[in-house]
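Hi everyone, thanks for making time. I'd like to walk you through one model today, so please pull up the viewer and follow along.

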Amino acid sequence: MFTLMPDFRFKTFDEATVEFLAENGIKGVVLDIDNTLEPYEHPLPSEHVKAWLSSLKSAGISAAFVSNNNKERVELFNSELNLPAFYKAGKPFKKNVLRAMNIMGTTTENTLLMGDQVFTDVWAARNAKIRVALVPPINDKRDVLTKFKRLLEKPILRRYEKRKGKTLK
Ligand SMILES: [Mg+2]
């Protein structure tokens, strides 16, 4: 059955520890940037993000950026990291998720996508038939469209919490 329920929900990206990823057989992570790793207004990754990425690398877990944001944003963010990176990725379409997996040499079984948006990130993962972890947007916009999207996400997330027996934050 098609569902936009995420496989995992984290409070922040760093809950995807090396231990968690290894336990779940993950060999590569496809990462959203904006509001998943850093808010829109932070052009560069924090030391914390860099440390997390380097812990993955040390454990032999690959990472790639798949962002719907533009070339400048993605290239600057990735300038020190030099990870495989796709901008204007067109999520929820799977094309660039699959390209990232191809570069990482991972499969549908051992790749995890992490993002903050149900209708781009979770949907893209569903289209690519990979698992997905959802984080709350770091710094959510307060405009009408974003509020509307969050409203549409609510029943999906409520069902996730019900299934997992957790309480909604
Ligand atoms: Mg995002």
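**A walk through the sheet and its surroundings**

Let me start with one pair of residues: Leu113 has Val132 in S6 as its bridge partner. Keep in mind as we go that this is a predicted model. Leu113 belongs to strand S5, residues 111–115, and four bridges tie S5 to strand S6, residues 131–134, with the two running parallel. Next to that pair, Leu112 is bridged to Arg131 in S6.

Now look to the other side of S5. Val30 stands opposite Leu113 there, and S2 and S5 are again joined by four bridges and run parallel.

So much for the neighbours; how buried is S5? Five of its five residues are buried, so S5 is largely enclosed by the rest of the structure. If you colour by direction, Thr111, Leu113 and Gly115 point one way, while Leu112 and Met114 point the other way.

Let's zoom out to the sheet. Six strands make up an open sheet, ordered S1-S6-S5-S2-S3-S4, with parallel pairing. Which strands stand at the edges? They are S1, residues 8–9, and S4, residues 85–86; each has a single partner strand, so one side of each is left without a neighbour in the sheet.

And the whole chain? The protein has six helices and six strands. Read from the N terminus, the elements go β-α-β-α-β-α-β-α-β-α-β-α. Among contacts between residues at least 6 apart in sequence, 62% join residues at least 24 apart.

For those of you who like global numbers: the C-alpha atoms fill a box of roughly 40 × 35 × 30 Å along the principal axes. A compact globule with 169 residues would have a radius of gyration near 15 Å, and the protein has 15 Å, which agrees. Of those 169 residues, 36% count as buried.

On to the helices. S5, H5 and S6 make a right-handed β-α-β unit. In H5, residues 118–128, the buried residues are Val118, Asp121, Val122, Ala124, Ala125 and Ala128. What covers them? The cover includes H4, S5, S6 and helix H6, residues 144–164.

H4 itself, residues 95–104, lies across strand S2 (28–31), strand S3 (62–66), S4 and S5, and runs at about 155° to S3.

Last stop: some backbone angles you may want to look at. As background, most residues other than glycine have a negative phi, and most peptide bonds are trans.

Just after H5, Lys129 takes a positive phi of about 60°. Lys129 sits in the loop between H5 and S6. Is Lys129 buried or partly exposed? There are 13 other C-beta atoms within 10 Å, so Lys129 is partly exposed.

Asn82 also has a positive phi, of about 55°, although it is not a glycine. You'll find Asn82 in the loop between helix H3, residues 71–77, and S4. Asn82 counts as exposed because it has 7 C-beta neighbours inside 10 Å.

Finally, the peptide bond from Lys91 to Pro92 is cis, with omega near 20°. Pro92 lies in the loop between S4 and H4.

That's the tour. Thanks for listening, and I'm happy to rotate the view for anyone.

Key. Residues numbered from 1 in each chain as written. Predicted model: local features only at pLDDT ≥ 70, side-chain atom pairs only at ≥ 80, totals over all residues. Pairing = 2+ DSSP bridges. Contact = placed C-beta atoms within 7 Å. Axes fitted to C-alpha atoms, helices over the stretch in contact; angles between N-to-C directions. Rg over C-alpha atoms; globule rule 2.2 N^0.38 Å. Buried ≥ 20, exposed ≤ 12 C-beta atoms within 10 Å, placed from the backbone. Right-handed = clockwise from strand over helix to strand, strands pointing away.
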